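Student: I would like to learn how to read a protein structure. Could we go through one together?
Tutor: Gladly; please open it and ask away.

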Amino acid sequence: MNSVLRTIAARLGRMPLAEDALERRFAELKTTATATVAPPLADAITCFIAEAEKNLFEISRHSNLETLIGYLADSKLPVVLAPQASVRALNWQPVIGRLSEDYRAPALGVVEAVAGIAETGSVTIRSTDAPSGLLFLCEELVVILRQERIVALQEELWQRLSPGGYRALHLISGPSRTADVEQTLQVGAHGPRRVHLWLVTENGNPAPPAP
Amino acid sequence: MTEPGFILRSREALADPVLQSAMDKARPGFVRKRSDAIARVANFSELRDKAREVRQRSLRDLDVYLGIFERRVTAAGGHVHWASSTDDLRRIVLDIAKAAGARTATKGKSMIAEEAELNQALEAAGISPRETDLGEYIIQLAGEPPSHIVAPALHKTRPQIADLFRTAHALGERQLETVQDLVDEARRVIRSHYLEADIGITGANILIADTGTMVLCTNEGNGDLTASLPDTHIVTTSIDKVVASWDDASAILRVLARSATGQAITTYTSFYGPRQPGDLDGPSHFHVVLLDNRRSSLLGSEYQEMLQCIKCGACMNHCPVYQAVGGHSYDSVYPGPMGAVLTPLLRGERGDYLLPHASTFCGRCEEVCPVRIPLPSLLRKLREKDVREHHQRGGIWLIRFYVALARFPRLYRVATSALSVLSAKLAKRGKLPRLPGLGAWQRKRDMAAPQGASFQQQWRARRKSR
Amino acid sequence: MTDDSAVKTPVVGLFATCAVDLIRPAVGFASAALLEDAGCTVTVPEQSCCGQVAWNNGLGAEARVLARQLMAQFADVDYVVVPSGSCASMLKNHYPTLFSNPQDILAAQEFAGRVYELTCFLRDVLDYRPSPAQPTAGNEKKVVYHDSCAGLRELGIRTQPRDLLASLGVTVVDPQDCDVCCGFGGTFCVKFEDISAKMVADKARNIAAQAPDVVLGGDLTCLLNIAGKLQRDGHDHIDVRHVAEYLADATQHPAIGHSE
């Protein structure tokens, strides 16, 4: 038992707990959690798009993903695909010559988000969906998001996703930016300079639950 | 007798036109962005109440949450280290760095690392720390400490930054005219630092006990590049940051970015733990170093509420004293109202105890604090602590004399009225002439003369004459 | 006025505050006149200092002595009315926090329940409307109202003085950064002279930019600070007064820092 924890427990008027007693106490404390308090939202989809636009995502809406290939054909950068089955399964033949695995050199990354959060206009991607390096080193990013995967609040997302099994969960809300020079907003600080949100709206087909 | 450091530094700061111009430019933006952001949220007051409740609940059982946090991180393959003092923190980080054979380290912004003066220790050990947050990078080039906990280079103007880059990057004649030029240049240089770094050191905004997770909030993505690319990720943080659950973290996030920069959320809000088998990249080694440095002594004390702080910077953005003199006047990693409480409590040098006096108790800090810390009340308590511990300030004898007189109301009434009558006679066109002892006021403003006999005396006289 | 007050005239103990008592008694007389016009009986119990200067400078024990003294001095009145936001807040919000033993706390809470700042008492408790002595047409003065920090943030005073002035046909303007402290802060202006000077310089500049004829406020100490800076900067034509003087139509004597 380290001295810092012992000191803290002593300041709180008790002996530090260990092992089973600690787990039991934690389980007890978890039952005292209070309800979520969140800003009132109207329609989640409308709110998501409004917030995402404020976050400087470039948003386009599509009924399928085939149009993505056409869009990327015009890109000057090599295209790096996240190793997600849903992304790699598309017909990349028309741009096969431009595909690359090296996201450390300037590239355009393509990744599918597991969810969107309406209250903050954010997309969610885990380190098991795409390497974190791809999300942050690419010059540009295309993030595919199926509209059915948009939830209103962060807490809803925490309930849906299975915890653990990944190192990192990223909430990404637009391109990289800084205001460190004279408090002037400048996009493209270290991460991607542009993030294109490819919003897929499938009529009537709910998306499978997020893995 | 020399004047205290804060007085000297603040006088210098007030007379520094470059600093004043930088503060003038920064101030309206912070205030407006925050007020715009909270205007878009109908129930911001309730969000603050919830955030305060989460923080208070965390502190009440801090030992349990920290104990669980350690268990979860360890079970997931990471390491938790406990640093009682800043010496401990430096030693722990250096041991990890040496074991990793590190020669260079990228660094995300960490106030705890600043508090522990970690960069100096790394350099002394032959390890080169490379700051990645643009503001921290700027002050690293300038060899200066941060002046604000969210915007460390707030005090620097664009021309100053351009000069720093021109020299440090050996740019010769190439001009960096615009903000875009500067940011692109920083991106270019720091990109190579990310790719070369042997270890990455970040802070943490929140720690989540339930899953052994740390939360990192940036707009640049620098924290994520620091945390994700090297083979070792070290998190330098403090014992007070832990909350129970992801839901609790969301309650904090809802008020953090809005209060700091006026955003609903920072561009990159990432939840990190140790690497897992299914991960596609990431460090093999994940270390969290928890610093106490006297924070535990605030638990169970009248200052416990200060540990609720989520380091948003809103208090200093709204403090007229901070805005007048800038962060360096405080000579502390933590400036402004929260710094005026934390610095004497954590560091406790005699000069630090002057900071709580440098306030008019206007209350703007408490008004904007997202977790409702009663800052003016804590500052007042520290003034009492200062007097009690015999750090007597000059002039307190005058206050003691005045209050002693006030205990004899009749004598007080007669004496004060006599003084007022006398002063009124000295009046020239309604104002007092320059008088010894009144210099602090009269150097910069006129002082209106008393009207004559005191109100109480005149009231009694009128009653008697009826 | 309610039926109750027709049966019993409220007895108001006027706590003038040190600044009013020693420097500008006219504010005390104007306050008394307003309260009497509103139907109160006004008394001025023997008084000295409320203890705020001791409390704010770390002298807790001394503050407690003065607080007990003041509460005893004002024990027999229905209401304690104070023409100052900061002193009213000291009595109303801070007195209960001075003490640790339960009886003292209870006594302070009971006392605090009877304390009101002047404009709050007139508007919120008495629903008083001053009547203009003269028609306001042709008398269009531009008025700035300075909200002192303690009044604004600790007592929520903002609409009350404006409502009272509106009864006289006066609409006030707010300068830029009107909610930023003027830099007085009690002993702050002496201990941190240069910082205080900058704060009052900013405040005075923002007020002067409105080109007002009159500056009013509810705290005399702030007004002394602001008037002193305006006058040092040469803005002698701006009249600075306590709002009570204006509401009581008691502007026959010189404004702060002015002479006949």
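Student: Why is helix α15 of chain B largely enclosed by the rest of the structure?

Tutor: First, a word on the source: this is a predicted model, in which local features need pLDDT of at least 70, side-chain atom pairs count only at pLDDT 80 or more, and totals for chains, interfaces and linings use all residues. Residues are numbered from 1 along each chain as its sequence is written, while chains are lettered from A and ligands numbered from 1 in the order in which they are written. Now the idea: a residue is buried if 20 or more other C-beta atoms, placed from the backbone, lie within 10 Å of its own, exposed if 12 or fewer, and partly exposed in between. Helices (H or I, at least four residues) and strands (E, at least two) are DSSP runs, numbered from the N terminus. In α15(B), residues 336-346, 11 of the 11 residues are buried, so the helix is largely enclosed by the rest of the structure.

Student: What covers the buried residues of α15(B)?

Tutor: The cover includes α13 (314-318), α14 (320-325), α16 (364-368) and α17 (375-388) of chain B. Among the buried residues are B:M338, B:V341 and B:L345. After α15(B) comes B:G348, with a positive phi near 70°.

Student: How many residues of strand β7 of chain B are buried?

Tutor: For β7(B), residues 232-238, the count is 7 of 7. Both faces are covered, with B:T232, B:I234, B:T236 and B:S238 on one side and B:H233, B:V235 and B:T237 on the other.

Student: Which strands are joined to β7(B) by bridges?

Tutor: Two strands pair if DSSP finds at least two bridges between them. Strand β4(B), residues 199-202, runs parallel to β7(B) and is joined to it by 4 bridges. Strand β10(B), residues 285-291, is also parallel to β7(B), with 7 bridges. Look at B:H233: B:G200 stands opposite it, and its bridge partner in β10(B) is B:F286.

Student: Which domains does chain C have?

Tutor: Domain bounds come from an automatic or database domain assignment. For chain C it gives domain 1 (3-125) and domain 2 (143-247). Their contact takes 26 residues from domain 1 of chain C and 22 residues from domain 2 of chain C; two residues are in contact if their C-beta atoms, placed from the backbone, lie within 7 Å. On the domain 1 side, α8(C) gives the largest share, 6 residues.
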